[in-house]
Amino acid sequence: MAVHVDEIEVPDPLISPSLDELLDVDGRGCTWQDPEDFFPNGQMAEDGKASCRPCPARADCLAYALLHDVDGIWGATTYSQRKALRNLHQIHDVEPVRVPASWLAPRRNVLSAAWIRRAV
């Protein structure tokens, strides 16, 4: 299956903010969304992507996701779209994600519940 990425605008220059900087942006589309929306199966991807489209952090979020190996919806793109964008724009230095404990601790119950629902 072909992944269409022609309409996706990649930030130029591609400079990634830190995860903490992304989380400090007011009005993020993902703040009050169900985490399940961002780890979709198939057609459900549109729910997570729709909440990203008007987000003020969308371009920075996409830049972060292109330069880090993250799963799920980031910057209104899926993992396979980002993989295609990396190939198209010759982005090779992708770092693993390091989620700060300060970010994970207050979200642990919500994230755990989402991952448990996915596994069942």
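**Notes on a predicted model**

1. Start at the tail end: over residues 110–120, pLDDT stays under 50. The model still has 13 contacts beyond four places in sequence for that stretch. Keep in mind that this is a predicted model, and that pLDDT is the predictor's confidence in each residue.

2. Zooming out to the elements, helix α6 (residues 108–119) has the lowest mean pLDDT of them, at 47. At the other end of the ranking sits α4, with the highest mean, 90. For the chain as a whole, the average pLDDT is 75, and 72% of the residues score at least 70.

3. Now the layout. You'll find six helices and two strands here. Walk along the sequence and the order reads α-α-α-β-α-β-α-α.

4. How are the contacts spread along the sequence? Take those between residues at least 6 apart: 66% of them join residues at least 24 apart.

5. On to the inside and the outside. Of the 120 residues in the chain, 38% are buried. The chain exposes about 7,800 Å², and carbon and sulfur atoms supply 53% of that area.

6. One residue to click on is Thr 78, in the loop between β1 (68–69) and α4 (79–88). Is Thr 78 buried or exposed? Its relative accessibility is 17%, so Thr 78 counts as buried; the cut-off for buried is under 20%.

7. Which residues does Thr 78 touch, not counting residues up to four places away in sequence? Ala 45 and Lys 49 are on the list, along with Gly 72 and Ile 73.

Notes
Residues are numbered from 1 along each chain as its sequence is written. This is a predicted model: local features need pLDDT of at least 70, side-chain atom pairs count only at pLDDT 80 or more; totals for chains, interfaces and linings use all residues. Side-chain values use heavy atoms; hydrogens and water are left out. Helices (H or I, at least four residues) and strands (E, at least two) are DSSP runs, numbered from the N terminus. Buried means under 20% relative accessible area, exposed over 50%, partly exposed in between (1.4 Å probe, protein chains only). Contact means heavy atoms within 4.5 Å. Accessible areas come from the Shrake-Rupley method with a 1.4 Å probe; for residues, only the protein chains shown count as cover. pLDDT is the predictor's confidence in each residue, from 0 to 100.
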